[in-house]
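Student: I've got a structure up and I'd like to know what stands behind the labels people put on it. Can we go through some of them?

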Amino acid sequence: MFIRSLLIITMFLLTATYSVKAESAPKHVALCFDDGPTTDNAPKLLAIFEREKIHVTFDYVGTNVEAHPDIAKAVVAAGHEIANHSYSHLHPKDSDNEMLEFDIVNAQKVIIEKVGYTPKWYWLPYIESDPRIPAIAEKVNLKVYKFKSLGVSDDWKAELSAEQIKQNATSNITDGTVILFHEWRNETVAEMPAIIAELKRQGCVFMTFSELAEYLANQPRN
Ligand SMILES: [Zn+2]
């Protein structure tokens, strides 16, 4: 009888320990910021990430890189990743083959020439996939970045308050989530310290696109 009780207690303790462990397992996430570089918000974001000691991914549009190459260089120097987010942010469905190829290939050329950095990933404008894109991207050694799950802050919607952006950006976050923001949205930048604090409270650790892809590739499949 005594041994049986002891066994039950031990089982209970083991189960309890296991569930606490599962709940506190870190969630690996990647924050990304679309459509820059911008002059006002990029330096503010860089200062926040330096303070928080985290690295993120900036999804750059070629025309903006041409306008602000020094900001792109500062982002790279700070250890962040840059993804190719097209030259002029066209909708693929509105682009003929030539336009689509130019949008991807010329962005890559501009980022390499102006920043001295070669992106590894193509991040789809409007998250709109198109069957022509992977082959074009491959011509310049780019891969279309595929996310396991996407956290949508919806910060491109003007009617959203700073509080709503924070709510969206910190809800339903799981291991492997990419959380999408826009660099030009002032409320996003203003809320970023609070967003990071909440994500840290939820057990998030922050990675770049490349780091997250590598982490997920090494996870056992279940
Ligand atoms: Zn975009």
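Tutor: Let's take the metal site and then some salt bridges, bearing in mind that this is a predicted model.

Student: What makes D35, H85 and H89 donors of the zinc ion?

Tutor: Distance. Donors are N, O or S atoms within 2.8 Å of the metal. D35 (OD), H85 (NE2) and H89 (NE2) lie 2.0 to 2.1 Å from the zinc ion, so they qualify as its protein donors. Along the chain their spacing reads D-x49-H-x3-H.

Student: Are the two histidines buried or exposed?

Tutor: Both H85 and H89 are buried.

Student: Why is the contact between D154 and K157 called a salt bridge?

Tutor: The cut-off is 4 Å between a Lys or Arg side-chain nitrogen and an Asp or Glu carboxyl oxygen. For D154 and K157 the closest N and O atoms are 3.1 Å apart, so the pair counts. The structure holds 6 salt bridges.

Student: How do you know that R185 is buried?

Tutor: Buried means under 20% relative accessible area, and R185 has 6%, so the label fits. Its salt-bridge partner is E187, at 2.8 Å from N to O. E187 has 31%, between the 20% and 50% limits, and is therefore partly exposed.

Student: And what about R201 and E198, how far apart are their closest N and O atoms?

Tutor: They are 2.9 Å apart, and the two residues form a salt bridge. R201 and E198 are 3 residues apart in helix α8, so about one helical turn separates them. R201 is exposed at 62%, whereas E198 is buried at 18%.

How values were computed. Residues numbered from 1 in each chain as written. Predicted model: local features only at pLDDT ≥ 70, side-chain atom pairs only at ≥ 80, totals over all residues. Heavy atoms only, no water. Donors = N, O, S within 2.8 Å, 3.2 Å for Na, K, Ca; no water. Buried < 20%, exposed > 50% of the residue type's maximum accessible area, 1.4 Å probe, protein only. Helix = DSSP H or I, 4+ residues; strand = E, 2+ residues; numbered from the N terminus.
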